[in-house]
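Trainee: Could you walk me through this structure, one question at a time? I am new to this and would like to learn how to read it.

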There are 2 protein chains.
Amino acid sequence: MSNDGSMNDHDLLALAIEQAELGLSEGGIPIGGVLAADGEVLGAGHNQRVQLGSAIRHGETDALENAGRLPASTYAKATMYTTLSPCHMCTGAILLYGIKRVVIGENETFMGAEDLLREHGVEVINLNSSRCKEMMNDFIAAHPSLWNEDIGEED
Amino acid sequence: MSNDGSMNDHDLLALAIEQAELGLSEGGIPIGGVLAADGEVLGAGHNQRVQLGSAIRHGETDALENAGRLPASTYAKATMYTTLSPCHMCTGAILLYGIKRVVIGENETFMGAEDLLREHGVEVINLNSSRCKEMMNDFIAAHPSLWNEDIGEED
């Protein structure tokens, strides 16, 4: 917490990690996302491939969906927190809505389209979370086919 | 129809237009999408911002969601049909899943991230549909705020 009681980047990434852990407890892929502005959560979510059979609800897009319809002015001051470097779809969603700041847990188990975010002026901050890496390393080792499906790779 | 009875690009775009018209009849934004492979429909959908309060179900992503979980090998031979040039989010979804061909109705009322698709080797074909342009021109004139919200623009 900051001195004024609002949540900082580490607090908000911790909420994204809670979302990933919730997904894991449901039998899903452990990736979570939180959309926040001014230190307050607008929406939180996690990958729903297993739970809902979804092809489009990744951590970030599920957070956007749960945040609901928002004006451009809200996205413009928002930060997307995600436990894992954003894939092309989630990167595109961030660009569509003009989100200017992305805080990620890690990019060692999967490198997303961070370069594209930066090319469009989005600030990308990697908090290098050992918990995020551990969750994904364990999950990928246990369920390689499911992971490949989620990132559109041949098995 | 082709001589063998399978649907060609014009037939499949016509199905995407039907989806857009269905969306319009529901009070929604008239953009539709169809994911198809080997001349057969894998999933069809339309923008659900109004109907479901959705921030992530555009024409293309709703088609992907309705197609359900598919292996990379299926996406690799699929074409995405969409009534409108794909925004950054839908472009990212196409790139994530390795869809190699996109057929659009038009790109005059909105120019999406077609350059990014082409940079990644995706073939983009514009069928220049007057019906698609008419639907979007009429909709944008009648509901400019809703349209701006859907493309993440300030009102």
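Trainee: How do β1 and β2 of chain A run relative to each other, parallel or antiparallel?

Mentor: Keep in mind that this is a predicted model. Strands of a sheet pair through backbone hydrogen bonds, either parallel or antiparallel. Here strand β1 (residues 32-37) of chain A is joined to β2(A) by six bridges, and the two run antiparallel.

Trainee: Which residue in β2(A) is the bridge partner of A:A36?

Mentor: You can look for it along the β1(A)-β2(A) pair, which is joined by six bridges. The bridge partner of A:A36 in β2(A) is A:V41.

Trainee: What is the order of the strands in the sheet of chain A?

Mentor: This is an open sheet of five strands with mixed pairing. At its edges stand β2 (40-46) and β5 of chain A, each with a single partner strand, so one side of each has no neighbour in the sheet. From one strand to the next, the twist averages 15 degrees. Reading across chain A, the order is β2-β1-β3-β4-β5.

Trainee: Which helix does the chain pass through from β3(A) to β4(A)?

Mentor: Let's begin with the strands: β3(A) and β4(A) pair in the parallel sense over four bridges. Within that pair, A:M80 stands opposite A:V102 in β4(A). The β-α-β crossover from β3(A) to β4(A) is right-handed, and its helix is α5 (residues 88-96) of chain A.

Trainee: And which helix lies on the way from β4(A) to β5(A)?

Mentor: Strand β4 (residues 101-104) and strand β5 (residues 123-126) of chain A run parallel and are joined by four bridges. Among the partners, A:V102 is matched with A:V124, and A:V103 with A:I125. The crossover from β4(A) to β5(A) is right-handed, and the helix it goes through is α6 (residues 114-119) of chain A.

Trainee: At about what angle to β1(A) does helix α1 of chain A run?

Mentor: First find helix α1 (residues 9-25) of chain A, which lies across β1, β2, β3 (78-82) and β4 of that chain. Its angle to β1(A) is about 145 degrees.

Trainee: How many residues apart in sequence are the parts tied together by A:D9 and A:R101?

Mentor: Side chains of opposite charge can pair when their charged atoms come close. A:D9 and A:R101 form a salt bridge, with their closest N and O atoms 2.5 Å apart. A:D9 lies in helix α1 of chain A and A:R101 in strand β4 of chain A, so the pair ties together parts whose separation in sequence is 92 residues.

Trainee: Now for chain B: which residue in β5(B) does B:V102 stand opposite?

Mentor: Chain B has an open sheet of five strands, in the order β2-β1-β3-β4-β5. Within it, strand β4 (residues 101-104) of chain B pairs with β5(B) in the parallel sense over four bridges. Opposite B:V102 in β5(B) stands B:V124.

Trainee: Which strands of chain B does helix α3 lie across?

Mentor: Helix α3 of chain B covers residues 59-67 and runs at about 130 degrees to β2(B). The strands of chain B that it lies across are β1, β2 and β3.

Trainee: What kind of axis relates chain B to chain A?

Mentor: Two copies of a chain are related by a rotation about an axis and a shift along it. Here a turn of 180 degrees and a shift of 0.0 Å along the axis lay chain B on chain A with an RMSD of 0.0 Å. That relation is the one of a two-fold axis.

Trainee: How much area do chain B and chain A bury between them?

Mentor: The contact takes 34 residues from chain B and 34 residues from chain A. In chain B, the residues that lose the most area to chain A are B:I56, B:R69 and B:L96, together 25% of what that side buries. Of the area buried between the chains, 60% is on carbon and sulfur atoms, and the total is about 2800 Å².

Trainee: Which residue of chain B forms a salt bridge with A:R69?

Mentor: Across the interface of chain B and chain A there are two salt bridges. In the one formed by A:R69, the closest N and O atoms are 2.7 Å apart, and the partner is B:E149.

Terms used:
Residues numbered from 1 in each chain as written. Chains lettered and ligands numbered in written order. Predicted model: local features only at pLDDT ≥ 70, side-chain atom pairs only at ≥ 80, totals over all residues. Heavy atoms only, no water. Pairing = 2+ DSSP bridges. Right-handed = clockwise from strand over helix to strand, strands pointing away. Contact = heavy atoms within 4.5 Å. Axes fitted to C-alpha atoms, helices over the stretch in contact; angles between N-to-C directions. Least-squares fit on C-alpha atoms with pLDDT ≥ 70 in both. Buried area = accessible area lost by both parts, 1.4 Å probe. Salt bridge = Lys/Arg side-chain N within 4 Å of Asp/Glu carboxyl O.
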